[in-house]
Amino acid sequence: MRIAVIFALALSLWSSARPAPALGEGVVARTLVLRGVVTQPDGSPIAGARVLVRGSATLSAYSGPDGRYALDVVMGTGAGLARGPFRVEVHAEFGGKRLGLVGGGPALVAEVQLLPGSPAQAEVRSNSELAVASIATAFAQESITHAWVQTDFGGGANVGGSAELRYRDRVPLPGVRPLPGVAPPPRSAPSPTLAPSPTRAPSPTRPSPRPPVTVAAVDPRARDSAAAVVRARRAEQQAARRLAERARRDSLAMIRTTQRRADSVAWEARRVQQRPKPRPSPRREPAAKPVDPLRREPEAKVVVSTPETVPGAPPSNAPGADPAARVRRIEPFVDTPTALTPDTCACRLRGTVEVVWPRPLEEGLLVELLLEGPATQRTEVSLDMGSPREFRLGPLPCGEYRLRVQPRGRLRYALQRGGDTLMVSCHGQTQVRVVLLPVRK
């Protein structure tokens, strides 16, 4: 029993004297994965736009028919940062013009450099918070080798602005040597020494054997100190693993959110592009009235004026008098049609109601439309899965109206520009488009 206790104690002291294993050796190369879409100001995709990467790496790619592009940029290993920092600048061009980021700014800029000091740390800076989180997670964890960054260009964003690297983060690099000229980290606590037994001198050709451990050589205070050091190192390792796991989960959640947002924008642009345009209705000519063969047309009446009825006219028996001058007027064969009264202005409002949301909606969503102004009229529309439905209002007097939209559902909806009222100037045939967005209650 005593021999077993002594062997276990010696084994624990020997394991505590060994350095803690590194989480990452700094030899795994990291890759920056750039994915995105290039769009017009109206949201339609741009095909053939060029996306360029300049800096530590020089790459380029062209967007496809759906406006999407893909670029993989090798950032290198953690140990490679000691030879020089990693810096790239990503921007898009189309038709000789430079396109800015959808969120604002001329380009995406990212930089990773090794900081002086011990232990070795890397500083990640960028003008995108998503890029900083993804790159920092890739360098902090050995199991993650790719940093996914969603970068969209176009969308009517201003190309001007600042590319300031206002987002930054620092991550430790286990297994990476500090920069030259920096002192190595001091050891936390020396391992307790054991009193060697007097044996023969070690041979110069082979290492000396481990000295035997005796009961008298083990100090209780040294044993407690070594156990405390072991517990502290285990606690540090567990804290580092929990921090890395939390960063990995946050990065994956951010990547999924950005991907869903990009898919929603692409779906909306594709739906707007595929929507059929309304065709003009053919003009119908009025049908000719049938002719009644039994109807007799009235005969033309000729009214002849006499010299007494027309003053200043020459007498009929005077030489040179024209017999045709005696004709005053000829009545038509049919009566002159009466003039039609002009049609007054009548407001006839037509439009569609739809809900823009990538998720399925509740069935049978009832939307009440109330038109208020010179006159009041209401109608109801039932939406299934958010697809557009047509509504008609009128005829009403022309003028300025307020169109109130009141959805009757479990969720809360608002107009695309906010609120529930849409101002409409209705004169004759007027069309409107009502777009609803789900909002939080």
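1. A residue is called buried when its relative accessible area is under 20%. By that criterion Tyr 69, at a relative accessible area of 4%, is buried. The structure under discussion is a predicted model, and every value below should be read in that light.

2. Tyr 69 takes part in an aromatic pair, and a search of the whole structure finds one such pair. The partner is Phe 153: the ring centres are 6.2 Å apart and the planes stand at 45 degrees, so the arrangement is classed as tilted. Tyr 69 belongs to strand S4 (residues 68–76) and Phe 153 to strand S10 (residues 153–154), so the pair ties together parts that are 84 residues apart in sequence. Phe 153 is also buried, with a relative accessibility of 0%.

3. Phe 153 appears again in the largest nonpolar core, which has 40 residues. Together with Leu 32, Leu 34 and Ile 135, Phe 153 is among the residues with the most contacts inside this core. Several elements each supply at least two residues of the core: S1, strand S2 (50–55), S4, strand S5 (86–94), strand S7 (108–115), strand S8 (121–126), H2 and S9. The largest share, six residues, is contributed by H2.

4. Helix H2 (129–140) therefore merits a separate comment. Is this helix enclosed or open? Nine of the 12 residues of H2 are buried, so the helix is largely enclosed by the rest of the structure. The buried residues are Leu 130, Ala 131, Val 132, Ser 134, Ile 135, Ala 136, Thr 137, Ala 138 and Phe 139. The length of H2 agrees with expectation, because 12 residues at 1.5 Å a residue should span 16 Å and the end C-alpha atoms are 16 Å apart.

5. Ser 134 is placed in helix H2 and counts as buried, at 2% relative accessibility. Which distances separate Ser 134 from Ser 251 in sequence and in space? The two residues are 117 residues apart in sequence, while their C-alpha atoms are 5.7 Å apart.

6. The second largest pocket contains about 810 Å³ of space. Its lining has 32 residues, and those closest to the pocket centre are Val 102, Gly 103, Gln 150, Asp 152 and Arg 261. At least two lining residues come from each of strand S1 (30–39), helix H2 (129–140), strand S9 (146–150) and helix H3 (220–274). H3 gives the most, with eight residues. By residue class, the lining comprises 12 nonpolar, 13 polar and seven charged residues. H2 is thus represented in the lining of this pocket as well as in the largest nonpolar core.

7. One peptide bond deserves inspection. Most peptide bonds are trans. The bond from Gly 394 to Pro 395, however, is cis, with omega near 0 degrees. Pro 395 lies in strand S17 (residues 389–396).

8. A last point concerns Ser 425, in strand S20 (residues 421–426). Ser 425 counts as partly exposed, at 39% relative accessibility. Ser 425 and Leu 349 are separated by 76 residues in sequence, and the C-alpha to C-alpha distance between them is 9.8 Å.

Methods. Residues are numbered from 1 along each chain as its sequence is written. This is a predicted model: local features need pLDDT of at least 70, side-chain atom pairs count only at pLDDT 80 or more; totals for chains, interfaces and linings use all residues. Side-chain values use heavy atoms; hydrogens and water are left out. Rings of Phe, Tyr and Trp (its six-membered ring) pair if their centres lie within 6.5 Å; planes under 30 degrees apart count as stacked, over 60 as edge-to-face and the rest as tilted. Helices (H or I, at least four residues) and strands (E, at least two) are DSSP runs, numbered from the N terminus. Buried means under 20% relative accessible area, exposed over 50%, partly exposed in between (1.4 Å probe, protein chains only). On a 1 Å grid over the protein atoms alone, a cavity is a set of points where a 1.4 Å probe fits but cannot get out, and a pocket is an open set with protein on both sides within 12 Å along at least five of seven lines; lining residues have an atom within 4 Å of a point. Grid points are joined across faces, edges and corners, and a volume is the space filled by probe spheres set on the points. Ala, Val, Leu, Ile, Met, Phe, Trp, Tyr, Cys and Pro count as nonpolar, Asp, Glu, Lys and Arg as charged, and the others, Gly among them, as polar. The expected span of a helix is 1.5 Å times one less than its number of residues. A nonpolar core is a set of buried Ala, Val, Leu, Ile, Met, Phe, Trp, Tyr and Cys residues joined through side-chain atoms within 4.5 Å.
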